[in-house]
Amino acid sequence: MQETTPEIFIDGERVDFTTGSLTKQGGNTASKLSFTIPGDSVTYRRYWNKEVLYYFDKSDSSPMFRGYIMNAEINSNFSINFMALDILGFLTGLDRAAVPLTEDNNVDGMSIGSALKKMIDIAQLQAKIGTDFLGDTNPVALMPILRGRTMILDTIVGQLNGVYNVDNVKLPRRNFIKVIDDGSKGQLIFDLESNLETSVPMYTFDYTSNIINFSVQNRKIPTIITVQGKNSSAIFKHESAATALGDNSFNVSKNDLTSKAQCMDFAQKIFNINVQNKYEYTLNSTEGAYLEENDVVRIIDDDTDINGLFRIIGKTIAFGNSSHTITLEINKQAPLLDSFLA
């Protein structure tokens, strides 16, 4: 394994640390950096809510993580555990940002991208959350009429749940929010799930080269799928799969479906995409630290007879003392989001 020298900066000042971990779960969630530094109950206060940069190696030109300190715990051995979240941290958790939408100040009929930018401006978070590269979903979708106190991320993710790209693919692909770094600020963008039929893998993982451990687990497959369209609906049940796997129900709403036939076709696509992603994978490797959500890799595992392309869902890097471990999550997130469940 190649040795690295990680670095952490708080408010522009390099700090010494003993251990740390970076967790990126993907799926419209905030990335988390946890690390421990020597100190006492007085030391940590000057770091509260300060910007944190983490470099996987000191030679890197850009940080792997940029965020803000959200919590600190003092240990009995005169050290402090810090926890920082990236810019999505302002939109998640118990204190997540909300905005009041009124008749005079709202996002009615805006595209999802324009609505997200406006709500961030209303919440006065534009100094922390960049939207310069935000763009819009593919396909573009419009916001409904919303009034009252509105949670920003909850609302946007709720709208993303009904936006699927079906261009030139057998199975629908979802849109999601992703954080990138422009060199001085965290920026939100919309990304479209990679097309595994056409993508070129960024890495190949096998036991000969870089796999330490590769685990595979089954996950629940929906066998009874109800799709509610605009003034139409359909119920699809795969009888043989239900007999083998059980009656697992899944309910979906998609307002651009206008006939029972369209609803039935979409239900079958939902079943097929879940069958295609019927396993959960966890990969421990010596490589792949710079992979991010939605990157495509090839896995070759002769023991389980797996040889194919997969999307990166998330990763965890534990670091300290010039060593690190890399854990990649692959296809762990359900193809269709949990908020579709009845």
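A pocket, for this talk, is an open set of grid points with protein on both sides within 12 Å along at least five of seven lines, and its lining residues have an atom within 4 Å of a point. Strands are DSSP runs of at least two residues, numbered from the N terminus. With that settled, good morning, colleagues. The model I am presenting is predicted.

Let me begin with the overall form. The protein contains 21 strands and 4 helices. Along the principal axes, its C-alpha atoms occupy a box of roughly 65 × 60 × 35 Å. The radius of gyration is 22 Å; a compact globule of 342 residues would have a value near 20 Å, so the two agree.

I turn now to the second largest pocket. Its volume is about 540 Å³. The lining comprises 30 residues, and those closest to the centre of the pocket are Lys24, Met64, Val179, Ile180 and Glu292. Three elements, strand S6 (65-74), S11 and S20, give two or more residues each to this lining. Which element gives the most to the lining of this pocket? That element is S11, with 5 residues. By class, the lining divides into 13 nonpolar, 8 polar and 9 charged residues.

Next, the enclosed space. The structure has 2 cavities of 30 Å³ or more. The second largest of the cavities holds about 30 Å³ of space. Lining this cavity are Arg174, Phe176, Glu193, Glu293, Asn294, Arg311, Ile312 and Ile313. In terms of class, 4 of these residues are charged, 3 are nonpolar and 1 is polar. Strand S11 (173-181) and strand S20 (306-320) each provide at least two of the lining residues. Here S20 gives the most, with 3 residues.

Since S11 has now appeared in both linings, I shall describe the sheet to which it belongs. This open sheet has 3 strands in the order S10-S11-S12, with antiparallel pairing. Strand S10 (164-165) and strand S12 (186-192) are the edge strands, and each pairs on one side only. Between S10 and S11 there are 2 bridges, in the antiparallel sense. Asparagine 165 stands opposite arginine 173 of S11. Two helices lie against this sheet. Helix H2 (residues 152-160) touches S11 and S12, and its direction makes about 140° with that of S11. Helix H1 (residues 112-122) also lies across S11 and S12, running at about 160° to S12.

Finally, I come to another open sheet. In this one, 3 strands follow the order S16-S15-S17, and the pairing is mixed. Why is one side of S16 and of S17 left without a neighbour in the sheet? Strand S16 (233-237) and strand S17 (249-253) stand at the edges and have a single partner strand each, so one side of each lacks a neighbour there. From one strand to the next, the twist averages 15°. Strand S15 (residues 224-228) runs antiparallel to S16, and 5 bridges join the two. Within this pairing, valine 227 has alanine 234 in S16 as its bridge partner. Helix H4 (residues 260-276) lies across S15, S16 and S17, at about 35° to S16.

To close, I return to S11. This strand gives the most residues to the lining of the second largest pocket, and S11 also supplies at least two residues to the lining of the second largest cavity. Thank you for your attention.

How values were computed: Residues are numbered from 1 along each chain as its sequence is written. This is a predicted model: local features need pLDDT of at least 70, side-chain atom pairs count only at pLDDT 80 or more; totals for chains, interfaces and linings use all residues. Side-chain values use heavy atoms; hydrogens and water are left out. On a 1 Å grid over the protein atoms alone, a cavity is a set of points where a 1.4 Å probe fits but cannot get out, and a pocket is an open set with protein on both sides within 12 Å along at least five of seven lines; lining residues have an atom within 4 Å of a point. Grid points are joined across faces, edges and corners, and a volume is the space filled by probe spheres set on the points. Ala, Val, Leu, Ile, Met, Phe, Trp, Tyr, Cys and Pro count as nonpolar, Asp, Glu, Lys and Arg as charged, and the others, Gly among them, as polar. Two strands pair if DSSP finds at least two bridges between them. Axes are lines fitted to C-alpha atoms, for helices over the stretch in contact, and angles run from 0 to 180 degrees between N-to-C directions. Contact means heavy atoms within 4.5 Å. The radius of gyration is taken over C-alpha atoms; the globule rule is 2.2 Å times the number of residues to the power 0.38.
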